[in-house]
Each structure stands twice: as structure tokens, then as C-alpha cells.
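This report introduces a structure to a reader who has not met it before. Please keep the sequence and the model in view while reading.

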Amino acid sequence: MKTTTLKSVTDQTFEAEVLTSSRPVIVDCWAEWCGPCRQVGPILEAIAAEQPEVDVVALNVDENPETARRYGILHVPTVSLFSGGQVVRQVVGVRSKSALLREFADFL
């Protein structure tokens, strides 16, 4: 069971929630069976709380294979930053909050 409280997006809501957003959106691509994914959730929750100018959402890749396939998500966790409807940064694997913020700094 997912232990974070990030808003979930689906194949059906991805375009409206992420691609057409006027704000940067961090997308946590995760899977229920993925241990490292459980480590990333709380880190992204902290970023969401500290960075009000960005939206942070979660996409279960097993339940939403169309979106995962569309963006070439082959490994989880994958954290993608979307800006203007495009992927501008993508990080695979667990990273610290400071490492993620450094990766995304140009867009936040």
C-alpha cells in the first residue's frame, strides 16, 4: 500500500493534471511492489510541502501502463519534472531531497 499522501494521477487524468498545468509538476512513477518507491514518497511529500509553486503527484505504473509506456518508464521509482507539458528532467532511483531539488532547480 502506498504510504504517501500525494495526489494520484491516472492514464485518464494525466493530461489534465500534468500536461496542461500552468505550473511545474513533479510526477512520482511508482509501483506497489517496489521497496525503493516507499522511500521516495516521503521525500516528495516534503518537497510538496516546502515548494508551493510546484505540484507533486503520483502515478502507479502498474495501474496506468499507457502513461508509463508513453514516457518510457522502465524502472521505478522514476521521478519526472514536467514543465509546459514536457519532461524537462527525469531521475531514476532513490535520491535525497537535496539531490532532487538540485536536479530540478532550473525549473522550480
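A salt bridge is a side-chain nitrogen of Lys or Arg within 4 Å of a carboxyl oxygen of Asp or Glu. The model is predicted, so local features need pLDDT of at least 70 and side-chain atom pairs count only at pLDDT 80 or more, whereas totals for chains, interfaces and linings use all residues. Residues are numbered from 1 along each chain as its sequence is written, and side-chain values use heavy atoms, with hydrogens and water left out.

**Salt bridges**

A search of the whole structure gives 4 salt bridges. The table presents some of them, including the pair of D55 and R23.

| Residues | Closest N to O distance |
|---|---|
| K7 and E17 | 2.8 Å |
| D55 and R23 | 3.0 Å |
| D106 and R89 | 3.5 Å |

Helices (H or I, at least four residues) and strands (E, at least two) are DSSP runs, numbered from the N terminus. The salt bridge of K7 and E17 links distant parts of the chain, with K7 in strand β1 and E17 in helix α1, 10 residues apart. Accessibility is described in three classes: buried means under 20% relative accessible area, exposed over 50%, and partly exposed in between (1.4 Å probe, protein chains only). K7 is partly exposed at 45%, and E17 is partly exposed at 28%.

The salt bridge between D55 and R23 likewise connects distant parts of the chain: D55 belongs to strand β3 and R23 to the loop between α1 and β2, 32 residues apart. D55 is partly exposed, with a relative accessibility of 26%, and R23 is partly exposed, with 31%.

In the salt bridge of D106 with R89, D106 comes from the segment after α4 and R89 from strand β5, 17 residues apart. D106 counts as exposed at 63% relative accessibility, while R89 is partly exposed at 28%.

**The sheet and its helices**

Two strands pair if DSSP finds at least two bridges between them. An open sheet is formed by 5 strands in the order β1-β3-β2-β4-β5, and the pairing is mixed. Its edge strands, β1 (7-9) and β5 (86-92), each pair on one side only. Axes are lines fitted to C-alpha atoms, for helices over the stretch in contact, and angles run from 0 to 180 degrees between N-to-C directions. On average, with direction ignored, neighbouring strands of this sheet are turned by 30° against each other.

Strands β2 (residues 25-30) and β3 (residues 55-60) run parallel and are joined by 6 bridges. In this part of the sheet, W30 stands opposite N60 in β3.

Contact here means heavy atoms within 4.5 Å. Helix α2 (residues 35-50) lies across β2, β3 and β4 and runs at about 165° to β2. Helix α4 (residues 97-104) also packs on the sheet, where α4 touches β2, β4 and β5, and its direction makes about 150° with that of β5.

**Aromatic cluster**

Rings of Phe, Tyr and Trp (its six-membered ring) pair if their centres lie within 6.5 Å; planes under 30 degrees apart count as stacked, over 60 as edge-to-face and the rest as tilted. By this rule there are 3 aromatic pairs. One of them is the tilted pair of F14 and Y71, at 5.5 Å centre to centre and with 45° between the planes. F14 lies in helix α1 (residues 14-19) and Y71 in the loop between α3 (65-70) and β4 (78-83), so this pair ties together parts that are 57 residues apart in sequence.

The rings of F14 and F82 have centres 5.4 Å apart and planes at 75°, so their pair is edge-to-face. This pair links F14 in helix α1 with F82 in strand β4, 68 residues away along the chain. F14 is buried at 3% relative accessible area, and F82 is buried at 3%. Together, F14, Y71 and F82 form one aromatic cluster.

**Cysteines**

A disulfide is a covalent bond between the sulfur atoms of two cysteines; the criterion used is a pair of cysteine sulfur atoms within 2.5 Å. How many disulfides does a search of the whole structure find? It finds 1, formed by C34 and C37 with sulfur atoms 2.4 Å apart. The torsion about their S-S bond is about 85°, so the disulfide is right-handed. C34 is buried at 3% relative accessibility, and C37 is buried at 2%.

C37 is found in helix α2. The C-alpha atoms of C37 and G93 are separated by 8.2 Å, although these residues are 56 residues apart along the chain. C29 is buried, with a relative accessible area of 5%. The sulfur of C29 is 9.3 Å from the closest cysteine sulfur, that of C37, which is too far for a bond.
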